[in-house]
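Biologist: I am new to this structure and would be grateful for a close look at a single part of it, namely the nonpolar core and the aromatic rings. Please set out the terms as you use them.

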Amino acid sequence: MVSLICAGIYDADGWTSYRGPSEDVLTVFKGQCKSLRQAISSYIRRTGQSIVMDEEKDKDMVSSLLEFKASLDSILEESFSNNEAFCNTIKDSFEHLINLRQNRPAELIAKFLDEKLRDGNKGTSEEELEGTLDKVLVLFKFIQGKDVFEAFYKKDLAKRLLLGKSASINAEKSMISKLKTECGS
């Protein structure tokens, strides 16, 4: 992705000295940060829109968003040295794209958590489950329909607990604690 963005900067501004991902992009594109941030934002919104707006792939949306966010975080760290301006650009663009379909991503995130917290995932270790919960919580921070998420999560939690389908009571407690911390109550 970085080389595609850099190619876009090259086309627009005539830069020729970028040598690839091993070189810090900010060093090469001095003075071009605004153009580079705009190109990254455009890429995130375009790519994210194809993930979020494809109703046929709703069952894979959360997994796809998690993979996309992980790749963006990797690029931020490796190519932009966690620069605050680029971090904010990624955050703002990701928040925009995840809320394109109003409340549907909130519902799908709750369903994804339900699936992960059920018995059927006994093959995963506590650490893997905890890591997944942390990653999903990052997506949760971006959604505007937190009340919709809460309604679906509560319903699914009640079903898991009443039917004895929970993979781990500790994981359930951990997720509730994380949500309380994030939401403030």
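Modeller: The following account begins with the whole chain and then turns to the core, the rings and a few further residues.

This is a predicted model, in which local features need pLDDT of at least 70, side-chain atom pairs count only at pLDDT 80 or more, and totals for chains, interfaces and linings use all residues. Residues are numbered from 1 along each chain as its sequence is written, and side-chain values use heavy atoms, with hydrogens and water left out.

The secondary structure comes to nine helices and zero strands; helices (H or I, at least four residues) and strands (E, at least two) are DSSP runs, numbered from the N terminus. Along the sequence the pattern reads α-α-α-α-α-α-α-α-α. Of the 185 residues, 41% count as buried, where buried means under 20% relative accessible area, exposed over 50%, and partly exposed in between (1.4 Å probe, protein chains only). Contact here means heavy atoms within 4.5 Å. Among contacts between residues at least 6 apart in sequence, 71% join residues at least 24 apart.

The part you ask about is the largest nonpolar core, which has 42 residues. A nonpolar core is a set of buried Ala, Val, Leu, Ile, Met, Phe, Trp, Tyr and Cys residues joined through side-chain atoms within 4.5 Å. The members that touch the most other members are Leu-65, Phe-94, Ile-98, Phe-149 and Tyr-153. At least two residues of this core come from each of α3 (33–52), α4 (58–80), α5 (84–98), α6 (104–117), α7 (126–142), α8 (146–162) and α9 (169–183). Helix α4 gives the most, with nine residues. The core lies between domain 1 (32–101) and domain 2 (102–184), because both give residues to it; the domain bounds come from an automatic or database domain assignment.

Phe-149 shows what one of these members touches. Leaving aside its neighbours within four places in sequence, Phe-149 is in contact with Ala-106, Ile-109, Ala-110, Leu-113, Phe-140, Ile-143 and Leu-179.

The rings come next. Rings of Phe, Tyr and Trp (its six-membered ring) pair if their centres lie within 6.5 Å; planes under 30 degrees apart count as stacked, over 60 as edge-to-face and the rest as tilted. By this rule there are six aromatic pairs. In one of them, Tyr-43 and Phe-68, the ring centres are 6.1 Å apart and the planes stand at 55°, so the pair is tilted. Because Tyr-43 lies in helix α3 and Phe-68 in helix α4, this pair ties together parts that are 25 residues apart in sequence. Both Tyr-43 and Phe-68 are buried. Phe-94 and Phe-142 also form a tilted pair, at 5.1 Å centre to centre and 55° between the planes. Here Phe-94 lies in helix α5 and Phe-142 in helix α7, so the pair ties together parts that are 48 residues apart in sequence. Phe-94 and Phe-142 are buried as well. Tyr-43, Phe-68, Phe-94 and Phe-142 form one aromatic cluster.

Phe-68 deserves a separate word. Its relative accessible area is 6%, and apart from neighbours within four places in sequence it is in contact with Tyr-43, Ile-44, Thr-47, Gly-48, Ile-51, Phe-94 and Leu-97. Phe-68 and Thr-47, 21 residues apart in sequence, are 8.8 Å apart from C-alpha to C-alpha.

Two rings also have a charge over them, which requires NZ of Lys or CZ of Arg within 6 Å of the ring centre and within 35 degrees of the ring normal. The charged end of Lys-69 sits over the ring of Phe-94, 6.0 Å from its centre, and that of Lys-146 sits over the ring of Phe-140, 5.1 Å from its centre.

Some residues outside this account of the rings complete the picture. Most residues other than glycine have a negative phi. Ser-81, in the loop between α4 and α5, has a positive phi of about 50° although it is not a glycine, and Ser-81 is partly exposed at 47% relative accessibility. Gln-102, in the loop between α5 and α6, has a positive phi of about 45° and counts as exposed at 61% relative accessibility.

Finally, the structure holds zero disulfides, a disulfide being a pair of cysteine sulfur atoms within 2.5 Å. Cys-33, in helix α3, is partly exposed at 26%, as are Cys-87 at 33% and Cys-183 at 45%.
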